[in-house]
Amino acid sequence: MESEQVGLTNQQQSFYETNGYLVLESVFTQEECQRFVDHMEDLHNGRKELTGFFQQDKYGYRTFNQHLYDPYVMEILIDARLHQPLKDCFGGEPEAIQTMHFYEGSEHPLHQDQYYLPDCMSAWTAMVDVDDNNGPLVVQPGSHKGRLITKQDVPMTLHPDETYEQQQSNRYFPRVEQVFKENAQDAVEVLVNQGDVVLFNGRLIHGGAPVLSPGTRRHALACHYIPYHSENWERDWPRISFDGSCRIHYNKM
Ligand SMILES: O=C(O)CCC(=O)C(=O)O
């Protein structure tokens, strides 16, 4: 609905450009978030069935690209309230490409999303209050202006007998740590309330802070987008517009 689209203020735009991230407060209502949490818990505990539902026990329990089989997640991914803020950050039309739902704080080591998804940015919605106990996002402000570690720097091709996890922890994460140190800027934890959305640039160095109260739930939905005109695309996932139309677009390389 066009009427729901509120863009960034000049102050928000300037904060995003300087820091590479921005918190939008109360984008989703508490009722909407609670319904989403109940839905995810019902799926997790088998109280509800959904064809295609699969939860990985990686970075805490999480689901990957759930929007492809769950209309509930799709609705949030292309919710009209996210459209204009994303347009303002990109300076053009966004296309939705990927979702990850985290049941718990991920403790994901520092990384840059554009290593995995070139040109992307993220809208990360806190479905519950996120404090320093349940593993908030941690970001290095301004790091989106520093170096981006790409697949040219650290190929994703695995060495013989190497697992993906080893590639990440032995070769990729240390390179990001190096850039983090070069940037010489302290990281900050992003403490947010239920319904807040953290927008962040895909070059921003970020990760999941330690979970100080193990076992606590920290439902969050990370939605990823790329500019509509980006040709930097090597996946066969649908690229979804905010009007719900889909396309699949392969990199010409
Ligand atoms: O939610 C988290 O703990 C980490 C999320 C993250 O790293 C990401 O969405 O790329």
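**Exercise 1. Work out in which loop Glu234 lies, whether Glu234 counts as buried or exposed, and how far its C-alpha atom is from that of Leu117.**

Solution. Glu234 lies in the loop between β10 and β11, where strands (E, at least two residues) and helices (H or I, at least four residues) are DSSP runs numbered from the N terminus. The structure is a predicted model, in which local features need pLDDT of at least 70 and side-chain atom pairs count only at pLDDT 80 or more, while totals for chains, interfaces and linings use all residues. Residues are numbered from 1 along each chain as its sequence is written. The next step is to count neighbours: a residue is buried if 20 or more other C-beta atoms lie within 10 Å of its own, exposed if 12 or fewer, and partly exposed in between, with C-beta atoms placed from the backbone. Because Glu234 has 10 C-beta neighbours inside 10 Å, Glu234 counts as exposed. Finally, the C-alpha atoms of Glu234 and Leu117 are separated by 8.7 Å, although the two residues are 117 apart along the chain.

**Exercise 2. Place Asp243 in its loop, decide whether Asp243 is buried or exposed, and state its separation from Asp79 in sequence and in space.**

Solution. Begin with the location: Asp243 is in the loop between β11 (239-240) and β12 (246-247). Asp243 has 8 other C-beta atoms within 10 Å and is therefore exposed. From C-alpha to C-alpha, Asp243 and Asp79 are 9.5 Å apart in space, and in sequence they are 164 residues apart.

**Exercise 3. For Ser26 and Asp119, find the sign of phi, the loop that holds each residue, and the exposure of each.**

Solution. Ser26 is not a glycine, yet its phi is positive, at about 50 degrees. Ser26 belongs to the loop between β1 (21-24) and α2 (30-44), and with 11 other C-beta atoms within 10 Å Ser26 is exposed. Turning to Asp119, phi is near 70 degrees, again a positive value in a residue other than glycine. The loop that holds Asp119 runs between α5 (113-116) and β5, and Asp119, with 18 other C-beta atoms within 10 Å, is partly exposed.

**Exercise 4. Follow the strand pairing from β2 through β3 and β4 to β10, giving the number of bridges at each step.**

Solution. Two strands pair if DSSP finds at least two bridges between them. Strand β2 (residues 56-57) meets strand β3 (residues 61-64) in the antiparallel sense over two bridges, and Asp57 has Tyr61 in β3 as its bridge partner. Three residues lie between the strands of this hairpin, where Tyr59 takes a positive phi near 50 degrees. From β3 the path continues to β4, an antiparallel pairing over three bridges, in which Thr63 is partnered by His101 of β4 and Phe64 by Met100 of β4. Strand β4 is mostly covered, since nine of its nine residues are buried. The last step joins β4 to β10, also antiparallel, over eight bridges, with Thr99 opposite Cys223 in β10.

**Exercise 5. Describe the open sheet that contains β6, and the bridges between β6 and β9.**

Solution. The order of the three strands is β7-β6-β9, and their pairing is antiparallel. At the edges are β7 (188-190) and β9 (206-208), each of which pairs on one side only. Strand β6 (residues 137-139) is joined to β9 by three bridges, and Val139 stands opposite His206 in β9.

**Exercise 6. Identify which residues come nearest to the ligand, which strands supply its shell, and how the shell divides by residue type.**

Solution. A residue is near a molecule if its C-beta atom, placed from the backbone, lies within 6 Å of it. There are 15 residues around the ligand, of which Phe102, Ser106, His108, Gly208 and Ala222 come nearest. At least two residues of the shell come from each of β4 (94-102), β5 (121-126), β9 and β10 (220-227), and β9 gives the most, with three residues. By type, the shell has six nonpolar residues, eight polar and one charged, where Ala, Val, Leu, Ile, Met, Phe, Trp, Tyr, Cys and Pro count as nonpolar, Asp, Glu, Lys and Arg as charged, and the others, Gly among them, as polar.
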